[in-house]
Amino acid sequence: MNDFINQALLGPLELLGRHVLTVLPNVLAMGIILLGGLFAAWALGSFAERLFRVIGFDHLCDRLGMNAALLRGGVKTDPSRLIGRSIYWTVVVLASIAALGALNLTPINQFAQSLLAYVPHLVTAAVILLAGYFLSNFASQAVLIAAVNAGLPPARLIAACSRWGLQVLAVAMAMEQLGIAQHIVVVGFGITWGGIVLAGAIAFGLGASDVAKEFVERRLVARSKPSAADDLHHW
Amino acid sequence: MNNGLTPLTAPTEAQLQAIGSVEILVGIPSYNNADTVGHVVRAVSAGLAKHFPGRRAVLVNSDGGSSDGTPSIVARTVVDYQHLFIGDQQSVLHRIVTPYHGIPGKGSAFRTIFEIARRLKARACAVVDADLRSISPEWVELLLRPILEEGYDYVAPFYLRHKYDGTITNSLAYPLTRALYGQRIRQPIGGEFGFSGPLAVHYLDQHVWESEVARFGIDIWMTTEAVASGARVCQSFLGAKIHNPKDPSADLSAMLTQVVGALFAAMEQHEGIWSKKEGSQPVPLFGFPYEVGVEPVNVNVERMVSHYRQGLTDLEPIWRQILAEDTFMQLRNLQGASKTDCRIPDELWVQVVFDAAIAYHKRVMPRDHLLKALTPLYLGRTASFVYATQGLTSTEAEHKIEALCHTFERMKPYLLERWQPLAPQSTAPALLHHTTTDAGGDHE
């Protein structure tokens, strides 16, 4: 009877106890890492938010049109807070991955490693998107002003094309960086642009040939015969 | 302060060694001015021989890489002194023909001229454009004698011009500098100036040679810097200014950007000075004023109005950032039914200029964008001026400009209220001997 109790009941319990004792330090470590990570996330997020607020990042974004773009997208949080929250959640995710890694379980370790290996791509893609956004705003404003000063009637259309062109390019580059259907992105980008240009050319050729003819004639005549007399000396 | 020397070519260095020192320097910046530069050199040479016969003088041509032989014309132009009744030329006029370094532009050409003035310890300097057709030997006297004999530091030109000649000067540069610095310098971006040797050294020591000043901003910068540094300023009547037409490909927007950029940058730098000035004082005028016929100017007002109206539509988001809400609304409300009409009154134009200066100061957008976006507004104002002065003589049009100047002065509090200092500014005038702390500082 004693043997039965020892083998059938206490044995598994002892085994379970040994397992628990083996895993317990890892679980404790996971808890500590998670708690520490949460604290670090809170501290870093708050610090970053305050720092960006102090250096006038919100004002800069306002001038660059970022705040307006965020509002258009339904985001009412200011950019400093957004950065603070982004840092908070980034640290939380990293701490969670590290905490899971502390359990030392093979599938979780593999998952964590692949996730960590993907982070640089995510960061690069985010930087590309941000840079593309700022660059497109700057370039389209410059194009708009130059086109108006040159007296080109479709100034706004030209500026909008330059903005969207740059933003689409940035999105394509970011997706390529993320490894999402790399070839499809490149090919799709080529097909889309080729299609737009071809469609525009056909539409203009068929529907507005008179306008094109008039435009070319006006340009050529204007160049060969500067009839609009104006020798105003601005200087 | 910049204690480094502006680089000069080896032959120029050798010439400077040989010349040693001079009393007078006349500079001619040039770029492809073969048609006119010979006349300018003859006028300068005759002027120096006739009016300053006993003084050591040098003529400096600072060229921007002309491909039409301008420098060689400067080097070999001869003057027939006998036919000009100049028989007692007492000293040889040295000539230095040199290319300049740095950003291509008039300002960089001037920098080289200032450097040569410093090396040769010139007492009095003058600069004249190489495209002038109306320059006479008397211009040299009028630009230099106030410095050599009357103790002035800076001589601005005073021309007779057609009412539509020099519209940036009339609508912007003159009224704004007058309202800011309190001195009525009628042609602050005239192109021909006289200045003392110490003022040339002061110019050279400023860190501006990589900015708009290196290009077309040099003229307005020289004037504002002279006034702000406490220099004694006067004007000389030079008669009519006739010069070769500017390069037709020259972009108005770029010119306006450079002039207005230099003006606004000077406002930031000299905030401590202009913020304390009220009203304006006349500036002494040398020479003998007389009436002269000026060349007619054809104006295409419809094109200017068309540019302005397109700006009002297409640049609305940008103008809304630059201008105060009230200013923009007034502009929009003024847009009449007629597509060729445009009337921007004086008060509104002053608000536009002051708003733009404030926006530039507060960096509400990239400064280059801000300055370029002002072009249609400027064209709208120019069209308004043309409509308002149709049928008027140049003298009557001058009264309109005077009224605009008074409006700028009267509305200066509008600027002061909205201008927020970014950092403590130095209020002390720089370097020159005529400062408020000096015993002789009587012109403040």
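A nonpolar core is taken here as a set of buried Ala, Val, Leu, Ile, Met, Phe, Trp, Tyr and Cys residues joined through C-beta atoms within 7 Å. In this predicted model, the largest such core has 140 residues, and the members touching the most others are B:Ile24, B:Leu25, B:Val40, B:Val128, B:Tyr154, B:Val259 and B:Leu263. Helix H14 of chain B (residues 346-362) chips in with the largest share, ten residues. Apart from this core sits another one, of six residues, including A:Ala125, A:Leu166, A:Ala170 and A:Ala174.

Zooming in on B:Leu25, its contacts beyond four places in sequence are B:Val58, B:Val60, B:Ile116, B:Ala117, B:Leu120, B:Ala122 and B:Cys125.

Helix H5 of chain B is worth a look too. Its 14 residues (137-150) span 20 Å from first to last C-alpha, close to the 20 Å expected. Even so, there is a kink of about 40 degrees at B:Leu144, shortly before the proline B:Pro146. Both B:Leu144 and B:Pro146 are buried, and the buried residues of this helix also include B:Trp139, B:Glu141 and B:Ile147. Right after the helix comes B:Gly151, with a positive phi near 80 degrees.

As for the overall layout, chain B splits into domain 1 (10-286) and domain 2 (301-418), with their C-alpha centres 30 Å apart. Where they meet, 24 residues of domain 1 are in contact with 24 of domain 2. On the domain 1 side, helices H6 (167-181) and H9 (252-269) of chain B are the elements giving two or more residues. That side is a mixed bag: eleven nonpolar, ten polar and three charged residues.

Conventions: Residues are numbered from 1 along each chain as its sequence is written. Chains are lettered from A and ligands numbered from 1 in the order in which they are written. This is a predicted model: local features need pLDDT of at least 70, side-chain atom pairs count only at pLDDT 80 or more; totals for chains, interfaces and linings use all residues. A residue is buried if 20 or more other C-beta atoms lie within 10 Å of its own, exposed if 12 or fewer, and partly exposed in between; C-beta atoms are placed from the backbone. Helices (H or I, at least four residues) and strands (E, at least two) are DSSP runs, numbered from the N terminus. Two residues are in contact if their C-beta atoms, placed from the backbone, lie within 7 Å. The expected span of a helix is 1.5 Å times one less than its number of residues. The bend at a residue is the angle between axes fitted to the seven residues ending there and the seven starting there. Domain bounds come from an automatic or database domain assignment. Ala, Val, Leu, Ile, Met, Phe, Trp, Tyr, Cys and Pro count as nonpolar, Asp, Glu, Lys and Arg as charged, and the others, Gly among them, as polar.
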